[in-house]
Amino acid sequence: VLGVRLPAVDQLGLSDERAGSGRKSLRFSLAAAVKDHRRAFSPPLPCAGGQRLKVSANYFHVSGDGNYGLFVAAYDTADGSGAIKVVAVKRGPFTAGSWNRAEGVAQLPAGVKSFRVMLWSSREAVATYFIDDVTVEAAP
């Protein structure tokens with residue numbers, strides 16, 4: 001995860017507590033409702049405007065309430081800077097106590113040159129969950 005926008009009350013980090021595969025996953029611990037949505041971003045990846053991407057990730061909901069999901073943030077710049085054009089892939093909440101696959105196709109807007117995978121949580125969310133096995137591939 002390259003960039004993170006989380007308030008001080010929240011925690012985000014690699015954890016060996018649960019893993020979809022391998023030995024670690026990304027753990028979100030959202031302690032209280034806040035004024036803005038929470039976001040974690042991948043590094044910028046190159047793309048072509050209008051491209052279709054299949055984006056997926058595994059989510060393990062431990063406890064709490066609120067919405068969270070998988071998005072693509074697209075940019076008109078090659079370095080992933082500037083205004084964000086958000087494309088929804090899949091929103092939760094997901095079933096607690098097991099790994100859930102979030103998967104969908106994102107149609108990138110015309111003219112974009114890069115994108116980031118965005119892991120999003122609503123400002124109202126008070127929850128603990130894990131994310132693992134994020135993948136991106138070209139979609140037909």
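In the predicted model, Thr128 contacts Arg27, Phe28, Ser29, Phe60, His61, Val62 and Ser63, with neighbours up to four places away in sequence left aside. Thr128 belongs to strand 11, and its relative accessibility of 14% falls under the 20% limit, so the residue counts as buried. Between Thr128 and Val62 the C-alpha to C-alpha distance is 5.5 Å, although 66 residues separate the two in sequence.

The pairing of strand 11 (residues 126-138) with strand 6 (residues 52-65) is antiparallel and comprises eleven bridges. Within this pairing, Asp132 of strand 11 lies opposite Asn58. Both strands take part in an open, antiparallel sheet of five strands, ordered 2-3-11-6-9. Strand 2 (11-15) and strand 9 (99-107) form the edges of this sheet, each being paired on one side only. From one strand to the next, the twist averages 30°.

Strand 10 is joined to three further strands, described here in turn. With strand 7 (residues 68-75), strand 10 runs antiparallel and shares eight bridges; in this pairing, Trp120 of strand 10 stands opposite Gly69. Strand 4 (residues 38-41) is likewise antiparallel to strand 10, the two being joined by four bridges, and Ala40 has Leu119 as its bridge partner. Two bridges connect strand 10 to strand 5 (residues 45-46), again in the antiparallel sense, with Ser114 placed opposite Pro46.

Eight of the eight residues of strand 10 are buried, and the strand is therefore largely enclosed by the rest of the structure. Side chains alternate in direction: Ser114, Arg116, Met118 and Trp120 point one way, whereas Phe115, Val117, Leu119 and Ser121 point the other way, and all are buried. Ser121, located in strand 10 (residues 114-121), has a relative accessibility of 0% and therefore counts as buried. A polar contact of 2.2 Å links the side chains of Ser121 and Tyr129. Beyond four places in sequence, the contacts of Ser121 are Leu30, His37, Arg38, Asn67, Tyr68 and Tyr129.

In soluble globular proteins, nonpolar side chains tend to be buried together. The largest nonpolar core of the model holds 27 residues, and Tyr59, Leu70 and Leu119 have the most contacts inside it. Two or more residues are contributed to this core by each of strand 3 (25-30), strand 6, strand 7, strand 8 (85-91), strand 9, strand 10 and strand 11. Another core, of six residues, lies apart from the largest one and includes Phe71, Ala73, Tyr75 and Trp120. Leu119 touches Leu26, Phe28, Arg38, Arg39, Ala40, Tyr59, Gly69, Leu70 and Ile131, residues up to four places away in sequence not being counted. Two of these, Tyr59 and Leu70, are named with Leu119 as having the most contacts inside the largest core.

Confidence in the prediction was also assessed. The mean pLDDT of the chain is 88, and 92% of the residues score at least 70. Among the elements of the chain, strand 5 has the highest mean pLDDT, at 96, and strand 1 (residues 3-5) the lowest, at 51. Where pLDDT is low, the predicted coordinates should not be read in detail.

Notes: Residues numbered from 1 in each chain as written. Predicted model: local features only at pLDDT ≥ 70, side-chain atom pairs only at ≥ 80, totals over all residues. Heavy atoms only, no water. Buried < 20%, exposed > 50% of the residue type's maximum accessible area, 1.4 Å probe, protein only. Polar contact = N/O pair within 3.5 Å; in protein donor to acceptor, adjacent residues only side chain to side chain. Contact = heavy atoms within 4.5 Å. Pairing = 2+ DSSP bridges. Axes fitted to C-alpha atoms, helices over the stretch in contact; angles between N-to-C directions. pLDDT = per-residue confidence, 0-100. Core = buried A, V, L, I, M, F, W, Y, C linked by side-chain atoms within 4.5 Å.
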